[in-house]
Amino acid sequence: MFAHWGTFTKNDTLGDCLGLAQAAVESQGFQVWDLAGDGDYQVIGGNNDVITTIVCVPQAGNTWLTVSAYSTDSTLAERTRNDVRSYIVNSIRID
């Protein structure tokens, strides 16, 4: 099993980041297995080949995130982590 992960902060609320995390998982065509709607701070999803987990932690003024991906294929895990992370980083909230 291979694991790839990365952390970053985003100047959005916890709720916004969790919504982006769910959208990022769905944008990859993955099934969402765990939503943050139950007071949790994570979104988990994937398929038969890869699992991704996004954890969002509220801080003063921003939200800290970690995006992890796990697979028996290191390249797939790395690409999934990069694609999910990029989706969240590049998403801009428009009010």
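Strands S3 and S4 form a hairpin in which four residues lie between the two strands. The model described here is predicted. Across this hairpin, S3 and S4 pair in the antiparallel sense over five bridges. One pairing places Gly 45 opposite Thr 52, its bridge partner in S4.

Strand S4, residues 51-59, is also joined to strand S5, residues 62-71, by nine bridges, and these two strands run antiparallel. Along this pairing, Ile 51 has Tyr 70 of S5 as its bridge partner, and Val 55 stands opposite Thr 66 in S5. S4 and S5 likewise form a hairpin, with two residues between the strands, and within the hairpin Gly 61 takes a positive phi near 90 degrees.

These hairpins belong to an open sheet of five strands in the order S1-S5-S4-S3-S2, with antiparallel pairing. The edges of the sheet are strand S1 (2-10) and strand S2 (31-34), each of which pairs on one side only. From one strand to the next, the twist averages 20 degrees. Strands of a sheet pair through backbone hydrogen bonds, in either a parallel or an antiparallel arrangement.

Within the sheet, Thr 53 is found in strand S4. Thr 53 has a relative accessibility of 14% and therefore counts as buried, the cut-off for a buried residue being under 20% relative accessible area. When neighbours within four places in sequence are left aside, Thr 53 is in contact with Gln 42, Val 43 and Ile 44, as well as with Thr 66, Val 67, Ser 68 and Tyr 70.

Two helices are associated with the sheet. Helix H1, residues 14-27, lies across S1, S2, strand S3 (42-46), S4 and S5, and runs at about 170 degrees to S4. Helix H2, residues 74-90, packs on the sheet and touches S1, S4 and S5. The direction of H2 makes about 15 degrees with that of S1.

The length of H2 was compared with the span expected for a helix of its residue count. At 1.5 Å a residue, the 17 residues of H2 should span 24 Å, and the end C-alpha atoms are 24 Å apart, which agrees. At the N-terminal end of H2, Asp 73 acts as a cap, with a side-chain oxygen 2.9 Å from the backbone nitrogen of Thr 75.

The buried residues of H2 are Leu 76, Ala 77, Thr 80, Arg 81, Val 84 and Ile 88. Seen down the axis of H2, these buried residues fall within an arc of 130 degrees, so they line one face of the helix. The elements covering them include S1, H1, S4 and S5. On the other side of H2, Thr 75 and Asn 90 are exposed.

Asp 83 also has its place in helix H2. With a relative accessible area of 33%, Asp 83 is classed as partly exposed, because this category lies between the limits of under 20% for buried and over 50% for exposed residues. Asp 83 and Gly 15 are 68 residues apart along the chain, and their C-alpha atoms are separated by 21 Å.

Notes:
Residues are numbered from 1 along each chain as its sequence is written. This is a predicted model: local features need pLDDT of at least 70, side-chain atom pairs count only at pLDDT 80 or more; totals for chains, interfaces and linings use all residues. Side-chain values use heavy atoms; hydrogens and water are left out. Two strands pair if DSSP finds at least two bridges between them. Axes are lines fitted to C-alpha atoms, for helices over the stretch in contact, and angles run from 0 to 180 degrees between N-to-C directions. Contact means heavy atoms within 4.5 Å. The expected span of a helix is 1.5 Å times one less than its number of residues. Buried means under 20% relative accessible area, exposed over 50%, partly exposed in between (1.4 Å probe, protein chains only). The arc is that of the directions from the helix axis to the C-beta atoms. A polar contact is a pair of N or O atoms within 3.5 Å; within protein, one must be able to donate a hydrogen and the other to accept it, and residues adjacent in sequence count only if both atoms are side-chain atoms.
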